[in-house]
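Welcome! Here is a short, friendly tour of the structure shown below. Take a moment to look it over before reading on.

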Amino acid sequence: QVQLVESGGGLVQPGGSLRLSCAASGSIFSIDAMAWYRQAPGKQRELVAAISRSGITNYADSVEGRFNISRDDAKKTLYLQMNSVKPGDTAHYYCEAAINWRDYWGQGTQVTVSS
């Protein structure tokens, strides 16, 4: 059974940095596109950043220039480097990946930006 486990969330002050990780485990033959989503209380889940198998990235306008998505296929791990965070970045962050031609989600990790 394939699993995605996020880590790295927590409390961070405005302007600070945080790095999220998402580790995939299980019987994995193929990992295609991977992405980070977030959901704040009372709001819909939104795409934060995505990265293709070849490394092409795209970002939500709200995080462009501040966040960086990357992947290490040897470690089967997805990352999200969050810089210059703002209170509006507070949300539950989820990892999503196309693994073995199926879509998988992690349980998420909470990020709270507050002074």
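What follows is a walk through the strands, a disulfide, a nonpolar core and two residues worth finding. Please keep in mind that this is a predicted model. One four-stranded open sheet has the order E1-E3-E8-E7, and a single disulfide is present in the structure. The largest nonpolar core holds 32 residues.

**The open sheet**

- The four strands of this sheet, in the order E1-E3-E8-E7, pair in the antiparallel sense.
- At the edges stand strand E1 (3–7) and E7, each with a single partner strand, so one side of each has no neighbour in the sheet.
- On average, neighbouring strands here are turned by 15° against each other, ignoring direction.
- As general background, strands of a sheet pair through backbone hydrogen bonds, and the pairing can be parallel or antiparallel.

**Strand E8 and its partners**

- Is strand E8 (residues 77–82) mostly covered or mostly open? Strand E8 is mostly covered, as five of its six residues are buried.
- On one hand, E8 pairs with strand E3 (residues 18–25) in the antiparallel sense, over six bridges.
- To find this pairing in the model, look for Arg19, whose bridge partner in E8 is Gln81, and for Ser21, which stands opposite Tyr79 in E8.
- E8 also runs antiparallel to strand E7 (residues 67–72), and six bridges join the two.
- Asp72 has Thr77 of E8 as its bridge partner.
- E7 and E8 form a hairpin with four residues between the strands, where Lys76 takes a positive phi near 55°.

**Strand E4 and its partners**

- Strand E4 (residues 31–39) runs antiparallel to strand E9 (residues 91–99), with seven bridges joining them.
- A good place to spot this pairing is Ile31, which has Ile99 in E9 as its bridge partner.
- E4 pairs with strand E5 (residues 46–51) too, in the antiparallel sense and over five bridges.
- Here Tyr37 is matched by Leu47, its bridge partner in E5.
- Six residues lie between E4 and E5 in their hairpin, and Gly42 in the turn has a positive phi of about 80°.

**The disulfide**

- Which two cysteines does the disulfide join? The link runs from Cys22 to Cys95, with an S to S distance of 2.1 Å.
- Cys22 lies in strand E3 and Cys95 in strand E9, so the pair ties together parts that are 73 residues apart in sequence.
- The link of Cys22 and Cys95 is left-handed, with -75° about the S-S bond.
- Cys22 is buried, with a relative accessible area of 0%, and Cys95 also counts as buried at 0% relative accessibility.

**The nonpolar core**

- Within the largest nonpolar core, the residues with the most contacts are Trp36, Leu80, Tyr93 and Ile99.
- Two or more residues of this core come from each of E3, E4, E5, E7, E8, E9 and strand E11 (109–113).
- Which element gives the largest share of this core? That element is E9, with five residues.
- Beyond its neighbours within four places in sequence, Tyr93 is in contact with residues including Leu20, Trp36, Val48, Phe67, Leu80 and Val111.

**Arg38, a buried arginine**

- Arg38 has its place in strand E4.
- Is Arg38 buried or exposed? Arg38 counts as buried because its relative accessibility is 5%, while the cut-off for buried is under 20%.
- The side chain of Arg38 makes a polar contact of 2.7 Å with the side chain of Glu46.
- Another polar contact, of 2.9 Å, joins the side chains of Arg38 and Tyr93.
- Not counting residues up to four places away in sequence, Arg38 touches several others, among them Gln44, Val48, Ser62, Phe67, Asp89 and Ala91.

**Gly106, a glycine in a loop**

- Gly106 is found in the loop between strand E10 (102–105) and E11.
- With a relative accessible area of 8%, Gly106 is buried.
- Gly106 and Ala24 are 82 residues apart in sequence, and their C-alpha atoms are 9.1 Å apart in space.
- Leaving aside neighbours within four places in sequence, Gly106 is in contact with Leu4, Glu6, Tyr94 and Cys95, and Cys95 is one of the two cysteines in the disulfide.

Notes. Residues numbered from 1 in each chain as written. Predicted model: local features only at pLDDT ≥ 70, side-chain atom pairs only at ≥ 80, totals over all residues. Heavy atoms only, no water. Buried < 20%, exposed > 50% of the residue type's maximum accessible area, 1.4 Å probe, protein only. Pairing = 2+ DSSP bridges. Polar contact = N/O pair within 3.5 Å; in protein donor to acceptor, adjacent residues only side chain to side chain. Contact = heavy atoms within 4.5 Å. Core = buried A, V, L, I, M, F, W, Y, C linked by side-chain atoms within 4.5 Å. Axes fitted to C-alpha atoms, helices over the stretch in contact; angles between N-to-C directions. Disulfide = S-S within 2.5 Å.
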